[in-house]
Amino acid sequence: MTDQAPKPLRVLFCGAVLQNFFDLPAAEIGKVWAGVSEMLTGIRDLPGVKVLGTLDDDETMVGTSPNGWPWTFYILAEAPDRDTVKAACNFFRTVEVGEYRLWKYIRVEARIGRELVIPE
């Protein structure tokens, strides 16, 4: 037995903007960005989550990502456990955007692993 605390999980949240977003009238797009902001803040503020970095590919990747790759944005984070990762993904199901939920406009996949240590 060891008394060491478990190491945090390394998580890469991959986000894909879907065609429903691009089909919106310009006046409706702001509601989606408000939902994205709520989702990002929610992930960041989950207990034990540490956001290590983000990448937004929207300047060089134009259009949808219906099949995943290439993803539109990424969030690299540490999370204490799988339940926390599931709670982060759940923001896509629960954040309201008008009469819909965020997942109508953005798809997420979380890749869970451990830190890859680079030797000295």
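Here are three short exercises, with worked solutions, on the predicted model shown above.

**Exercise 1. Lay out the chain**

Find out how many helices and strands the chain has, and in which pattern they follow each other.

*Solution.* Start by counting: the chain holds three helices and six strands. Next, walk along the sequence, and you will read β-α-α-β-β-α-β-β-β. To finish, look at the space they fill: along the principal axes, the C-alpha atoms take up a box of roughly 60 × 30 × 20 Å.

**Exercise 2. Explore strand 3**

Work out which strands pair with strand 3, and which residues face Ile75.

*Solution.* Begin with strand 1, residues 9-17: seven bridges link it to strand 3, and the two run antiparallel. Within this pairing, Phe13 lies opposite Ile75. Now turn to strand 2, residues 50-56, which is also antiparallel to strand 3 and is joined to it by six bridges. Here Thr54 is the bridge partner of Ile75. Put the steps together: strand 3 pairs with strand 1 and with strand 2. As a last step, check its cover: six of the seven residues in strand 3 (residues 73-79) are buried, that is, under 20% relative accessible area.

**Exercise 3. Step back to the whole chain**

Describe how much of the chain is buried, what its surface is made of and how its charges are placed.

*Solution.* First, 32% of the 120 residues count as buried. Second, about 8200 Å² is exposed, with 54% of that supplied by carbon and sulfur atoms. Third, take the 13 positive and 17 negative charges: their mean positions are 6 Å apart.

Methods. Residues are numbered from 1 along each chain as its sequence is written. This is a predicted model: local features need pLDDT of at least 70, side-chain atom pairs count only at pLDDT 80 or more; totals for chains, interfaces and linings use all residues. Side-chain values use heavy atoms; hydrogens and water are left out. Helices (H or I, at least four residues) and strands (E, at least two) are DSSP runs, numbered from the N terminus. Buried means under 20% relative accessible area, exposed over 50%, partly exposed in between (1.4 Å probe, protein chains only). Accessible areas come from the Shrake-Rupley method with a 1.4 Å probe; for residues, only the protein chains shown count as cover. Lys and Arg count as positive and Asp and Glu as negative; His and the chain ends are not counted. The place of a charge is taken as NZ of Lys, CZ of Arg, CG of Asp or CD of Glu. Two strands pair if DSSP finds at least two bridges between them.
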